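Here is a short report for a first look. Keep the sequence and the 3D view open while reading.

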Amino acid sequence: MGAEQPETIAAIVAAHRAGTLTPAQTVARTYQRIRDHNDPAVFISLRDEKDAIAEAEKLAARADAAGLPLYGVPVAVKDNIDARGFPTTAACPAFSYTPAHDATAVERLRAAGAIIIGKTNLDQFATGLVGVRSPYGVPRNSIREDLIPGGSSSGSAAAVGAGLVPLSLGTDTAGSGRVPAMLNNIVGLKPSLGMISTAGLVPACRTLDCISVFALTVDDAALALSVMAGPDQADPFSRDRPLGAITPLPASLRLGVPRDGQLIFFGDKKAEAAYGDALKRWTALGATLVEFDLEPFYETARLLYEGPWVAERYLVIKDLLASAPDTIHPVTREITVAGARLTAAETFSALYRLQGLRKVAERTFANIDALVLPTAPTAYTTEQVLANPIELNSRLGTYTNFVNLLDLCGLAVPASMRSDGIPFGITLLASAGRDSLLASIGRVFHADTRLTVGAKGGTQAPLAALATPSSDEIPIAVVGAHLSGMALNGELTALNGRLIEATRTAPDYRLYALETTPPKPGMLRVAAGKGAAIELEIWSLSPSAFGRFVNAIPAPMAIGTVRLADGRSVKGFLVEPEVLGEARDITAYGGWRKFMAEAATG
């Protein structure tokens, strides 16, 4: 892997597992790329290189390292998300503080083997879709230097687009995880609200915020989501939204497209033509295009900045507005102060209207799998936006502002490179909880474009084959020492077992640490809803291998039927309840891997 080619998460992890590249080498090359790129506006704070390399070396020495899903992957984090060892600024020096803990999402990335290397620039307080509203400068767009990088997650998108890191975290309230993805020719995944904990996030609008993912491919983004997803007691807005499996393209895919005359491109004929070409590609892939009425979605979008949700932005910085207003970017200040004037009556009026619009959206999705829209109607240069900062910013949110208000999930994928060198992208939108459907169809579309990834010209690898059991193989769920990289995983691999997916149980189980050698957990079924969703892996074995494997399982372990979060049932490990009197209840960890990781550092 050459120093100039961007590398996907999949390629990096594969190289680390094969031993052709060490995590320390990957981290060192990341820092070299940052120096070569030479844009001080991408990162607000950057970790000391020696410190990051030392962490990579320590990680590689762990016995379970190769089983970690993000083994040695360098990650950048938007600077409104807490990461231990870095100040959190939200791009406002006067607001800066040093967090004592990682945000839950960052903690889960680290537990999966990721190495956090820096905090990225953003539109101050995540207010904007342009990326030019920061005292730390304007990050260069990785594709065309005169273009805005997009915001508010400007540094995170530019870092992935430029090949500095293969994964970064953004946030998305009104499109901040999608517009910058289009403008940097990368993938932007905006999960269902509550799927990734927002504990440790400086809010923009607490009721609408979500942490988002930037990556070079859909598979990479979906992997990162699977690592971070899951309920969190520390976040009152967290919801138990289990991720389904990535599947082949559905045979009867129905995609919603707006009625004739409803799309807005602000005179950008090249963007309009690019959207038409994207729809032709979908048709060629076998999708059926179904017209729907976009007007209620536009009406919802207008609520976001014309309605009471601006007051949520005001709540975050009202003390700073009162004590030191000049420390706030003038455009951010102008937008936010309006939130102080809203009344409770106006708020309830808007909530009532929104509820009606949500019902309209539900009916829209009754016979449509997903909507396909332009990610943004056009693109602007930094010079244009600085001359007309509020109007041009609002135009960029045409197809993004309504998404979180309507509780939809979204996936922005590159669609084409225009003749003028400006990237064009589409966004797939679906009802909450259908994130895996969007990944399943978005990965096929992106691969079909044959576009290079990011800005460095890296070709897309062929789509990875989906792991599914063959017709005569038997799936088995493992929750403890048989997990990837754990002490007994070799018993599965020796029987030619194949990892099918990582998922969770229904919230009907409790997990206990047993007094065994090597350490093992025991999972017990309890009354529905009285337990928790426990992380597990599903492996596949031939019938004869399954028989040998099950026959060798010692008491108090047993094989029973395990109910999964998505309603499926599978054979898997359970424990005999008689032995749990002396066992420690570790249900709160949500899984054996997290418990063992804490035990190793304790």
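## A buried threonine

A residue counts as buried when its relative accessible area is under 20%. The model shown is predicted. Thr382 has 17% relative accessibility, so Thr382 is buried.

Thr382 belongs to helix 13, which covers residues 382–387. What does Thr382 touch, leaving aside its neighbours within four places in sequence? Its contacts are Val132, Val138, Asp146, Leu147 and Ile148.

## An exposed tyrosine and its patch

Tyr352 sits in helix 12, residues 344–364. Exposed means over 50% relative accessible area. Tyr352 has 61%, so Tyr352 is exposed.

Tyr352 is part of a nonpolar surface patch with Phe348 and Leu351. Together they have about 350 Å² of accessible area.

## A sheet of three strands

An open sheet is built from 3 strands. Their order is 15-14-19, and they pair antiparallel. Strand 15 (520–525) and strand 19 (584–585) are the edges. Each has a single partner strand, so one side of each has no neighbour in the sheet.

In general, strands of a sheet pair through backbone hydrogen bonds. Strand 14 spans residues 509–514. Between strand 14 and strand 19 there are 2 bridges, and the two run antiparallel. Tyr512 is found opposite Asp585 of strand 19.

## The helix on the sheet

Which helix packs on the sheet? Helix 18, residues 592–601, does. Helix 18 touches strand 14, strand 15 and strand 19. The direction of helix 18 makes about 35 degrees with that of strand 14.

Technical notes:
Residues numbered from 1 in each chain as written. Predicted model: local features only at pLDDT ≥ 70, side-chain atom pairs only at ≥ 80, totals over all residues. Heavy atoms only, no water. Pairing = 2+ DSSP bridges. Helix = DSSP H or I, 4+ residues; strand = E, 2+ residues; numbered from the N terminus. Contact = heavy atoms within 4.5 Å. Axes fitted to C-alpha atoms, helices over the stretch in contact; angles between N-to-C directions. Buried < 20%, exposed > 50% of the residue type's maximum accessible area, 1.4 Å probe, protein only. Patch = residues over 30% accessible without salt bridge, like charges linked within 9 Å, V, L, I, M, F, W, Y side chains within 5 Å. Areas by Shrake-Rupley, 256 points an atom, 1.4 Å probe, with all protein chains shown as cover. Salt bridge = Lys/Arg side-chain N within 4 Å of Asp/Glu carboxyl O.
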